[in-house]
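Subject: Handing over the structure

Hello,

Here is the structure I promised to pass on. Please open it alongside this message, and I will walk you through what turned up.

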Amino acid sequence: MSATPGPLLGPAAAYDGLGLANVLSSVVRSLGVDLGPADVDPLQLPPAQRAVVVLVDGLGDELLRARSGHAPFLRRALGTPGAALRLQCGFPSTTATSMGTFGTGLPPGAHGLVGYQVLIPGEERLLNELSWDAGVDPYAWQPSETLFQRAAAAGVAVTRIGPHFFDGSGLTEAALRGGSFQGARDLDARVDRAVAAVRSARRSLVYLYWGDVDKAGHVFGCESPEWTTELERVDAELARLARLVPADTAIYVTADHGMVDVDHLHRINLEHDAELDAGVRLMGGEPRAPQLYVRPGATADVLATWRERIGDRGVVVAREQALDEGWFGRGAPRPAVVDRIGDVLVALTGELAIIDSRTMRPELMALLGLHGSITEAETAIPLLTFAPETTRDRSPMSVPSVPGADEGAWAHPSPDQNPLFGVCHLAPAIGRLRFHAGLMGAGKSALAIQVGFHRRQAGRPGLVFTSADRGGAGQLSSRLGLSVSARHFDESTDFVATVGSDLPARGFVIVDEAQFLTPEQVDQLALLVDELAIDVDCFGLLTAFDSHTFPGSQRLVELCDEMLDLVEVLCWCGAPGRVNARIEGGQVIRHGSQVAVGDLIGGGEGATYRVLCRRHWREGTPG
């Protein structure tokens, strides 16, 4: 811990007004929802028609202020009188507890999410309140109505946005249920969904969660360059959010806890410390705030031993004292909650952490950044307000000219290739799967090249795929003489693995010769559209020489958001073409493999094809 954790306010300070419990309730009130007497709202947020609440996991107030030079958008609120408040998250300063406090507006003793790992009363095992346990009913564990439910019942369109696996999880259902849920993996995709959601209704509340600041702090340390880099990314995306929301939208940025770094040299492993382990049957909580469940009659001995060993590096209290002092909220906790709380509570304030390798996963013990205790560095969180009419920078944007670029360099445009890259996003907020279907000679490949070129000019990164192209491997070429670099695909290509690892969200994918896709690959492309908000444009034939639909094309018809017809191609008789007829020895072939690479008659070597109308294909008259 290279910096001191900061002063102590005492856990109960979080429940005296300026705490996380007041954030969402005050936002909901600002939207005109009646939650009771207004004089119990200490934040008094400005009225708004719409609101976006962004919770950045692990963005402690002390950390943000120390690195504000890397966050120009958030710094704007820090420097505006009344726009930045320093709140307290409560005890323990951990995500599961804070989510309960945030979502219900109640202290932990009332909502019941009292730690990272807590005892299930009547059972000799712990519940991890983040990952949850299928045997624990989240509605019984936390029965109170959430603020999202109350807002939705009052007619507010409520949308919650986070990773897909949050939808229906135990913690989400316990603490954050209400309204609709939209999943997205990356931050820019979540911002896009937030913009679309807040625009979808005149009276709306959008909640957006982002967890990678916390992840960077845990893995690399909250004072690491990696943490700062993630802060910079969050700041840039929140600035983009502010530019895109309607003018009557308020944006609020808050967090669930802060963090401190604790060197591995300053950790005690309970498995190897018989003195501290004596009398303890289970250790819950987390390394900075252990909750000790002791053996019958051992409470006094455990208290005395831990107080002597911890000394001035922490606070050790019995559960009854913690409840009397308001650690889990003013007043008595809900009766069902009492036994979830440890018999002895430890809040470490110095450079120290307690682990137990018998019950903790190795990856948890390896974390450098920790939280959970009562220091200001762990409990202080920001509430930044960007009020309606001030959320967007409406000054004219100076758009630099974009020089002509090599069409073959679509895969990874960089800022020096396109000054707009990373600055503005003009594409739709939701990805789309389009199928451009046509006959041979309809200009599919030329259009594919054009679509990709214009998307790249708009500053979007993209990947181009083709199969069995006339120009050979690594090329997408058209009969008009245009060509660009492309990746080859065949039936073994895993588009999720390839695109998911090589292309950021809000990019684009071009697939030429899409008739050669397998149905499973079409499903993969649809998944990328839905999960990463990537635009996928497929160009291909609808039917084969035998007049039957290619399996890949059939699946595209079933799943695509939009099917677009290409230029009409005529039969030799002047009637509209219907079939890509295969010609061998002057005869129309009706049987054989659907895949035989070739070109139109006179177009090159290999199998030859001619577009025929239905009548002349049926009659076998190639003209």
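A good place to begin is helix α17, which covers residues 444-457. Its 14 residues reach 20 Å from the first C-alpha to the last, close to the 20 Å expected at 1.5 Å a residue. Please keep in mind throughout that this is a predicted model.

Which residues of α17 are buried? They are Lys444, Ser445, Ala446, Ala448, Ile449, Val451, Gly452, Arg455 and Arg456. In general, an α-helix has 3.6 residues a turn, so residues three or four places apart point the same way. The buried residues of α17 pack against five strands: β18 (433-437), β20 (475-477), β21 (483-485), β23 (508-512) and β24 (535-540). Just after the helix comes Gly459, with a positive phi of about 90 degrees.

Next, the largest pocket. Its volume is about 1,100 Å³. The lining is made up of 40 residues, and those closest to the pocket centre are Asp57, Leu130, Phe166, Tyr209 and Asp214. Where does the largest share of the lining come from? Helix α10 provides it, with five residues. Elements that each supply at least two lining residues are α4 (95-104), β5 (157-162), α8 (170-175), β7 (204-210), α10 (212-220) and α15 (362-365). By type, the lining divides into 18 nonpolar, eleven polar and eleven charged residues.

One more residue to look up is Glu62, which you will find in helix α2 (residues 61-66). Is Glu62 buried or partly exposed? Glu62 is partly exposed, because its relative accessible area is 27%, and the partly exposed class lies between 20% and 50%. Glu62 also makes a nice example of how the fold brings distant parts of the sequence together: Pro382 is 320 residues away along the sequence, yet the two C-alpha atoms are 8.6 Å apart in space.

Finally, the chain as a whole. The protein chain has 21 helices and 29 strands. It is 623 residues in length, and 57% of them count as buried. Among contacts with a separation of 6 or more, 75% are between residues 24 or more positions apart. The chain exposes about 24,500 Å², of which carbon and sulfur atoms supply 53%.

If you would like a route through the model, you could start at α17 and its strand partners, then turn to the pocket lining around α10, and end with Glu62 and Pro382.

Enjoy exploring, and best wishes

How values were computed
Residues are numbered from 1 along each chain as its sequence is written. This is a predicted model: local features need pLDDT of at least 70, side-chain atom pairs count only at pLDDT 80 or more; totals for chains, interfaces and linings use all residues. Side-chain values use heavy atoms; hydrogens and water are left out. Helices (H or I, at least four residues) and strands (E, at least two) are DSSP runs, numbered from the N terminus. The expected span of a helix is 1.5 Å times one less than its number of residues. Buried means under 20% relative accessible area, exposed over 50%, partly exposed in between (1.4 Å probe, protein chains only). Contact means heavy atoms within 4.5 Å. On a 1 Å grid over the protein atoms alone, a cavity is a set of points where a 1.4 Å probe fits but cannot get out, and a pocket is an open set with protein on both sides within 12 Å along at least five of seven lines; lining residues have an atom within 4 Å of a point. Grid points are joined across faces, edges and corners, and a volume is the space filled by probe spheres set on the points. Ala, Val, Leu, Ile, Met, Phe, Trp, Tyr, Cys and Pro count as nonpolar, Asp, Glu, Lys and Arg as charged, and the others, Gly among them, as polar. Accessible areas come from the Shrake-Rupley method with a 1.4 Å probe; for residues, only the protein chains shown count as cover.
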